[in-house]
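Welcome! Open the structure beside these exercises, try each task on your own, and then walk through the solution.

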Amino acid sequence: MEKEEDIIKKQEERETMKIPCGMARANILTSTVSGGVPVYFGTGVSPVNSPAQFFVAWGEEVLTGGLIPTCNSDCPEQGVLWFADEGEAGARYEQVLQALGEPEAGLVVPAAEINETAPLILVTGAAGKTGRAVIKSLVRCGLPVRAFVRGEHQLETVKSLGARETVSGDLESPDDYLKALAGVQAVYHICPNVHPREKDIGLVAIEAARKANVSRFVYHSVLHPQTEKMPHHWQKLRVEEMLFESGLNFTILQPAVYMQNILGSRESMVKEGVYRVPYPVDTRLSLVDLEDVAESAATVLKDPGHDRAIYELAGQEAPTQAEIASAIAGATGCQVRAEQVSVDSWRRQARASGLGEYQIETLIKMFHYYARYGLRGNSNLLAWLLGRPPTTLTTFLAGELSEGRGT
Ligand SMILES: NC(=O)c1ccc[n+]([C@@H]2O[C@H](COP(=O)([O-])OP(=O)(O)OC[C@H]3O[C@@H](n4cnc5c(N)ncnc54)[C@H](OP(=O)(O)O)[C@@H]3O)[C@@H](O)[C@H]2O)c1
């Protein structure tokens, strides 16, 4: 006969295993057990979109989810977290309530187990696209994170991702950066995208890190920072140069264009069947899944041996824009074609959406560069860091765009 404590232990292990992913784990509110099957009730935050309202997971299966359809590509550990549409969600939730009654509140499943002795890591730009992915990845590895955001309103976002500590301030302020570093051992420095003063912010970060005596400085750079024709790449090269001269133990990650950027035009892709880009459709760009980048960020921070390393992070493919459109068509089952829009029309739209003039003109320089040369890297280093082949575009799009998800 199995001892009661063994049964309880097994039950606990099962519950722990069933917790869907690092992201949702932080948000699971209650769990209960019915006939040996753990049932979880909680709020889920969609990794890509906005927060879903709730989800119910029953054993292996997530039965129902909230109002916003989303995907599971951010949840590689379990592969079952998905969200139904509102009608289905309500109906399935009712079924669960009828079968089990209201979930008992009180059994709070702890957030990811953070190793309290691991070095505290400051992540800057924490509420942005990259910052959120990096925080989730670090938390998934049990690493304690202090998230540096610009505004108080962003604090909840980063807390919900599992950041242990939060701080708000201005990255351009040496005082704010230094305060954010108090008690921190490592920094993951992310500069806001296409920032006119990235070099100055880099200097603030490096000086503060030196004063605070941090033991690791990881810089989120970009693929081919050496390209002077793209000012935002060139500024990153200057920051890299300052790091060489700083005396800090640094690691530099140079990611290619994120696959996630494709999803910015999700609506026109799916509704109109057009994937629009402001450069020729035969332009080849290396792509990388931001999740692979975030996983690499955690690897270089948790494992030894990455001091003074510079890693180019690109996926295996460098598809043309027409090939990307075909891949989107394959994932959605809809006809999708690539179409080049003029730079002028892109500029008008960018202005209308409120993008700043520096960003607009810098991105236009980037489009001209892409049109003339493309932007292609090599995937060997990323594969080595991940210990597996990088995520392919087909796999990424299947997770993001397959029927009923994220559209
Ligand atoms: N997208 C790509 O394909 C790609 C590829 C390779 C590398 N990268 C690099 O990745 C980096 C991050 O890009 P991202 O798209 O994740 O950035 P993002 O979404 O623009 O996020 C930047 C974050 O920084 C915050 N911020 C802005 N100014 C600040 C200030 N003065 N003080 C404190 N916080 C401030 C922003 O807050 P607000 O929301 O309040 O503005 C935002 O939360 C960039 O350096 C980019 O070059 C991107």
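## Exercise 1: Around the ligand

By class, nine nonpolar, eight polar and four charged residues make up the shell around the ligand. Keep in mind that this is a predicted model.

**Task.** Find which residues come nearest to the ligand, and which elements each supply at least two residues of its shell.

**Solution.**
- Step 1: Look through the 21 residues around the ligand; Gly 128, Thr 130, Arg 150, Leu 171 and Pro 192 come nearest.
- Step 2: Turn to the elements: α4 (129-140) and β11 (257-258) each supply at least two residues of the shell.

## Exercise 2: From α4 to α10

**Task.** Describe how α4 packs with helix α10 (residues 290-302): at what angle, and with their axes how far apart?

**Solution.**
- Step 1: Two packed helices are described by the angle between their axes and the distance between the axes.
- Step 2: For α4 and α10 the angle is about 50 degrees, and the axes are 8 Å apart.
- Step 3: Angles of 35 to 65 degrees fall outside the parallel and perpendicular ranges, so α4 is oblique to α10.
- Step 4: The crossing of α4 past α10 is right-handed.
- Step 5: On the α4 side, the contact is made by Thr 130, Ala 133, Val 134, Lys 136, Ser 137 and Leu 138. Residues from α10 include Leu 290, Glu 291, Ala 294 and Leu 301.
- Step 6: By class, this contact of α4 with α10 has eight nonpolar, two polar and three charged residues.

## Exercise 3: The sheet under α10

**Task.** Work out the order of the seven strands in the open sheet, and which are the edge strands.

**Solution.**
- Step 1: The order is β7-β6-β5-β8-β9-β10-β14, with parallel pairing.
- Step 2: β7 (165-168) and β14 (309-313) each pair on one side only, and these are the edge strands.
- Step 3: From one strand to the next, the twist averages 15 degrees.
- Step 4: Zoom in on one pair: β9 (residues 216-220) and β10 (residues 250-255) are joined in the parallel sense over four bridges. Phe 217 has Phe 250 of β10 as its bridge partner.
- Step 5: Now bring back α10, which packs on the sheet and touches β5 (121-123), β8 (186-189), β9, β10 and β14. The direction of α10 makes about 170 degrees with that of β10.

## Exercise 4: A second helix pair

**Task.** Say how helix α11 (residues 321-332) and helix α15 (residues 393-401) pack, and which classes of residue their contact has.

**Solution.**
- Step 1: Their angle is about 45 degrees, with the axes 9 Å apart.
- Step 2: That angle makes α11 oblique to α15.
- Step 3: Their crossing is right-handed.
- Step 4: The contact has eight nonpolar, three polar and no charged residues.

Conventions: Residues numbered from 1 in each chain as written. Predicted model: local features only at pLDDT ≥ 70, side-chain atom pairs only at ≥ 80, totals over all residues. Near = placed C-beta within 6 Å. Nonpolar A, V, L, I, M, F, W, Y, C, P; charged D, E, K, R; others polar. Axes fitted to C-alpha atoms, helices over the stretch in contact; angles between N-to-C directions. Parallel < 35°, antiparallel > 145°, perpendicular 65-115°, else oblique. Left-handed = near helix turned anticlockwise from the far one by under 90°. Contact = placed C-beta atoms within 7 Å. Pairing = 2+ DSSP bridges.
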